[in-house]
Amino acid sequence: MIVAERKPMEEILRLVDGAKSILVAGCGGCVTVHMAGGEKEVEVLASLLRMHYKMQDKPVEILTQTVTRQCEPEYVRELAENVAKADVVLSMGCGVGVQFIAEHFPQAWVVPALNTKFAGATLEAGVWAERCGLCGECILYKTGGICPVIRCSKSLLNGPCGGSQNGKCEVNPDIDCAWQLIFDRMKNLGKLELLLEIEPPKDWSKARDGGPRKVIREDVRL
Amino acid sequence: MEDKPGEIKVRLCGRSGNGVMLMAEEKEGSAAFPGFEPKIVAFACYYCAYSAADLAGSMRIQYPPNVRIIELPCTGKVNPQMLLAAFEEGADGVYVAGCMEGDCHFLRGNLRAKRRVQYVKGLLDEIGVGGARLEMYNLSSSMGPRFAEIAREMTERIRALGPSPLNKKAGAGRVQEDAAGG
């Protein structure tokens, strides 16, 4: 899932400064799962905003609405009524949601309440870690399910660098050396010989470096 | 007769069948905020804190009438929305009282509450209301005097801090003055 974190209140207040009516828009997708921008978090942020404006003695209306997902036109359109009432839409969705609301309501002023961080998974309740770099050309079959593009600080594709020490990365001792993990995993699986196959330099044009990407499925188009 | 700072007024409240109950009422406010009577909301768990409050009552222990107690099945029920709502509705101070760590009836509810209270303290600091107005306490159901002590401690803390910045302007929320509170 896409993992994001709420911006500091001081920044959010700056972004909505001057508005007389703010719509805090939540998303029922990823941000609900990792508790950054779902219905409950919308309620908390709305409460904090109300408190702030009460202390400032400014009559600012706070509207709230959470849709199933902010990355789907049918759901984003459900925000229409509240978007029309608000001076600013404070989206608690990931970067995709913020943009989608703006795209579908070109007259609306949409600002993000979150900083979108990475595509990752839950390690334990309250801890999420980056796993996928969305590189567009997955080689996880060669590395025992451990991604060298993201989990190796240098994105090396053919084994560890000289800085790998005691299974840790030289960039940060808290980071496991991905290639150590890959080697151990492949050894365990009895598939070490797959690592002998040299991976050529990555075609980064398939990743973000080639510009914004699009996927089209002709078979499901209406 | 005018209220003087430090003067303690004693009211006699009649109760049918039960005789007379004494309630001591301090109208001192504090030096910085004369006449201010804090409104405190206490979220107390059924198994320990609320029981202790009940025991304090049975033991006729005096504690400030400023504290309004809300019973929960477990402090693990508290969430940030609930704690923030208490402040929005007019509380000057809020505390969550649960079982001793390790003794929660639901095993770890009080530990969850502890983390959530810490989180909301941070939010209250971020927004300028002040995290010192919110606290977590642990006690067991036999600790009637401790419940009263906590109530006193929190009331004095909030008395010194003054009214919540949310209450300084006109109109409080639904945490109203009650007849005895004044």
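A residue counts as buried if 20 or more other C-beta atoms lie within 10 Å of its own. Keep that rule at hand for this tour of a predicted model.

**Stop 1: chain B as a whole**

Select chain B. Of its 182 residues, 40% count as buried. Now switch to a cartoon view. Chain B holds four helices and six strands. Trace the chain from the N terminus, and the elements come in the order β-β-β-α-β-α-β-α-β-α. Next, turn to the contacts within chain B. Take those between residues at least 6 apart in sequence: 76% of them join residues at least 24 apart.

**Stop 2: one residue inside chain B**

Select strand E3 of chain B, residues 40-45, and pick out Ala44(B) there. Is Ala44(B) buried or exposed? Count the neighbours: 26 other C-beta atoms lie within 10 Å, so Ala44(B) is buried.

Which residues does Ala44(B) touch, leaving aside those up to four places away in sequence? Show Ala49(B), Tyr50(B) and Ala53(B), then Ile69(B), Ile70(B), Glu71(B) and Leu72(B), and finally Ala97(B).

Now draw a distance from Ala44(B) to Asp125(B). These two residues are 81 places apart along the chain, and their C-alpha atoms are separated by 23 Å.

**Stop 3: chain A and its domains**

Move to chain A. Colour residues 2-118 as domain 1 and residues 133-208 as domain 2, following the domain assignment. The centres of these two domains of chain A, taken over C-alpha atoms, are 37 Å apart.

**Stop 4: where the chains meet**

Show both chains. Here 14 residues of chain B are in contact with 12 residues of chain A. On the chain B side, helix H2 (80-88) and helix H3 (109-127) are the elements that give two or more residues. H2(B) gives the most, with six residues. By type, this side of chain B has nine nonpolar, two polar and three charged residues.

**Stop 5: two helices side by side**

Select H3(A), residues 39-56, together with H2(B). Their axes lie 9 Å apart and make an angle of about 20°. Angles under 35 degrees count as roughly parallel, so H3(A) and H2(B) are roughly parallel to each other. The crossing of H3(A) and H2(B) is left-handed.

Now show the side chains. From H3(A), display Lys40(A), Glu43(A), Val44(A), Ser47(A), Arg50(A) and Met51(A). They meet Pro80(B), Gln81(B), Leu84(B), Ala85(B), Phe87(B) and Glu88(B) in H2(B). Colour this contact by residue type: six are nonpolar, two polar and four charged.

Definitions and conventions
Residues numbered from 1 in each chain as written. Chains lettered and ligands numbered in written order. Predicted model: local features only at pLDDT ≥ 70, side-chain atom pairs only at ≥ 80, totals over all residues. Contact = placed C-beta atoms within 7 Å. Nonpolar A, V, L, I, M, F, W, Y, C, P; charged D, E, K, R; others polar. Domains from an automatic or database assignment. Axes fitted to C-alpha atoms, helices over the stretch in contact; angles between N-to-C directions. Parallel < 35°, antiparallel > 145°, perpendicular 65-115°, else oblique. Left-handed = near helix turned anticlockwise from the far one by under 90°. Buried ≥ 20, exposed ≤ 12 C-beta atoms within 10 Å, placed from the backbone.
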